Amino acid sequence: MPKIYIKKPLGGMVIRNRNAIKDVVITSSGIGEPSVYHALVVIFLEFFAWGLLTMPVISTLNQTFPDHTFLMNGLVMGIKGILSFLSAPLVGALSDIWGRKFFLLITVFFTCAPIPLMAINSWWFFAMISISGALAVTFSVVFAYVADVTTVEERSRAYGLVSATFAASLVISPALGALLMETYGDTLVAALATAIAVLDVFFILVAVPESLPEKIRPSSWGAPISWEQADPFSALRKVGSDQTILMQCVAVLLSYLPEAGQYSCIFVYLKLKMGFNSMEVAVFIAVVGTLSISVQVTLGYLMRVFGAKNTIILGLVLEMLQLLWYGLGSKSWMMWAAGILAALGSITYPAISAFVSIHSHPDRQGAVQGMVTGMRGLCNGLGPALFGVIFYLFNVDLNDDIMGKPDDSVQNENNKYTELIPGPPFAIGALMVILAILVAIYIPDKHNEIIVNRSSSEKKRASVDVQYEIECGNKSTSPLAPLMRSDSMAQL
């Protein structure tokens with residue numbers, strides 16, 4: 001029997017092969033056909049719920065671990081990130097068999113599972129945050145969903161929209177959460193966040209259509225999964241096979257390691273070290289989030305004007321400057337300057353993803369993107385832990401009694417350094433980004449000839465990273481396909 005290739009799953013579409021005995025029908029169980037907008041709503045609701053808890057979590061963290069706030073924050077987020085890195089490829093592989101919708105439901109549920117525990121027991125709350133990393137990989141499945149429903153040309157813009165939606169969810173939610181916390185207490189905020197999380201789960205159940213074709217149950221659900229598909233280090237072992245990809249991965253490692261650490265602690269740092277109050281932190285998040293949205297939606301224009309490689313370098317330079325401001329700054333206005341630079345520098349990783357897409361053969365998109373995002377996923381685990389340990393080594397740890405004031409009670413050699421460099425991890429991170437800039441400068445910047453001569457048939461709406469081959473009723477996937485799912489850009 002002739003092979004039938006399904007490259008674009010759409011609800012209700014019938015894909016025919018003239019010589020095939022029967023048609024393959026793709027059905028949808030949500031509202032409308034699967035689209036990027038379904039994924040955007042899922043991301044927005046999930047992180048809006050967590051955004052409400054930004055201030056309550058900082059307060060709870062400081063009360064639970066008053067002597068080692070930054071260290072414990074780094075360890076909690078580090079464990080979560082490492083578990084996410086280890087589980088993301090397996091979740092991606094299973095989603096290729098059981099469908100995106102099911103795993104959107106699972107990942108959103110486990111990401112939001114710790115929320116109600118904040119009002120019950122803080123130790124359970126932070127323990128659950130760490131453990132939830134094993135299945136809290138919503139972005140992995142969301143990027144897979146987006147890849148299913150977009151063309152190659154649309155994908156960079158779609159990924160930018162996902163990142164912008166993530167930023168948009170944090171524009172007003174921290175301020176709203178801070179206001180409710182000061183007025184009604186933490187319990188009401190936790191209850192509201194739980195309700196929004198439940199709404200997100202309900203939206204997935206009712207409104208989100210499946211982006212993959214309906215499975216032939218005996219073969220689909222019983223399809224084997226190879227260790228290569230589930231191995232989180234599979235992509236990393238292939239990094240050295242291509243010099244260009246190797247240099248890109250090194251740049252990602254050097255730049256995203258400090259960025260992941262910064263994401264995990266910056267709000268805690270502003271409140272406990274820089275003396276920001278809850279509302280100031282909320283306003284800070286709103287302003288930076290709004291600027292990030294504006295920058296990311298103009299990514300396509302920036303790449304047309306400056307080129308992909310120069311856009312990456314520009315983003316890295318902005319990241320280096322904002323890390324220096326965070327590390328050396330001791331005044332509120334310096335933190336604001338650093339925040340603005342952070343928003344402008346948010347173009348770095350989407351630009352790297354676009355660069356990889358442009359300079360790679362269509363048949364290697366999944367493997368190449370998997371190598372880069374696998375490196376980034378590893379940073380999501382190591383970055384927070386690294387920052388927490390550095391804060392601990394330099395004795396940058398405060399409690400509510402001395403919030404925003406110098407720590408005069410501890411006399412040791414480290415205090416001499418923190419007087420000059422209030423945020424040592426940020427300063428060390430800036431040095432790492434400088435190395436990333438040097439690496440990025442030498443990345444080859446020429447188009448793959450095969451990409452230039454891409455045939456019109458390859459421009460059809462398709463999921464590049466996953467090609468479904470149905471032959472005699474059996475589906476098989478490339479072992480490298482699920483590696484696209486290993487991105488885990490979301491940090492609490």
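Here are some notes on this predicted model, going from the whole chain down to single residues.

1. Ground rules. This is a predicted model, where local features need pLDDT of at least 70, side-chain atom pairs count only at pLDDT 80 or more, and totals for chains, interfaces and linings use all residues. Residues are numbered from 1 along each chain as its sequence is written, and side-chain values use heavy atoms, with hydrogens and water left out.

2. Overall picture. The protein comes to 22 helices and 5 strands; these are DSSP runs numbered from the N terminus, with helices being H or I of at least four residues and strands E of at least two. Of its 492 residues, 58% are buried. Here buried means under 20% relative accessible area, exposed over 50%, and partly exposed in between (1.4 Å probe, protein chains only). Counting contacts (heavy atoms within 4.5 Å) with a separation of 6 or more, 82% are between residues 24 or more positions apart.

3. Helix H9. This helix covers residues 186-206, and its length checks out: at 1.5 Å a residue the 21 residues should span 30 Å, and the end C-alpha atoms are 30 Å apart. (The expected span is 1.5 Å times one less than the number of residues.) Its buried residues are Val189, Ala190, Ala193, Ile196, Ala197, Asp200, Val201, Phe203 and Ile204. They sit on the same side of H9 because they cover an arc of only 155° around the axis, taking the arc from the directions from the helix axis to the C-beta atoms. An α-helix has 3.6 residues a turn, so residues three or four places apart point the same way. Over on the other side of H9, Thr187 and Val198 are exposed. Among the elements covering the buried residues are H1 (36-52), H2 (54-64), H4 (100-112) and H8 (173-184).

4. Helix H17. Running from 332 to 344, this helix has 13 residues that should span 18 Å, and the 19 Å between its end C-alpha atoms agrees. Met334, Met335, Ala338, Gly339, Leu341, Ala342 and Ala343 are buried in H17. They pack against H13 (243-272), H14 (278-296) and H16 (308-328).

5. The salt bridge. How many salt bridges does the structure hold? Just 1, with a salt bridge taken as a side-chain nitrogen of Lys or Arg within 4 Å of a carboxyl oxygen of Asp or Glu. The partners are Arg100 and Asp148, at 2.7 Å from N to O. This pair ties together distant parts of the chain, since Arg100 is in H4 and Asp148 in H6 (residues 138-148), 48 residues apart. Arg100 is buried at a relative accessible area of 0%, and Asp148 is buried at 0% as well.

6. Lys101. This residue is in H4 too. Lys101 is buried yet has no salt bridge, and the nearest side chain of opposite charge, Glu210, is 7.3 Å away. (Lys and Arg count as positive, Asp and Glu as negative; His and the chain ends are not counted.) A polar atom of the Lys101 side chain does lie 3.0 Å from the backbone oxygen of Val208.

7. Two alanines. Ala144, in H6, counts as buried at 1% relative accessibility. Its C-alpha is 7.7 Å from that of Gly92, with their positions 52 residues apart in sequence. Ala164, in H7 (residues 152-169), is buried at 6%. Ala164 and Gln296 are 132 residues apart in sequence but 6.2 Å apart in space, C-alpha to C-alpha. Leaving aside neighbours within four places in sequence, Ala164 is in contact with Ile293, Gln296 and Val297.

Key: A polar contact is a pair of N or O atoms within 3.5 Å; within protein, one must be able to donate a hydrogen and the other to accept it, and residues adjacent in sequence count only if both atoms are side-chain atoms.
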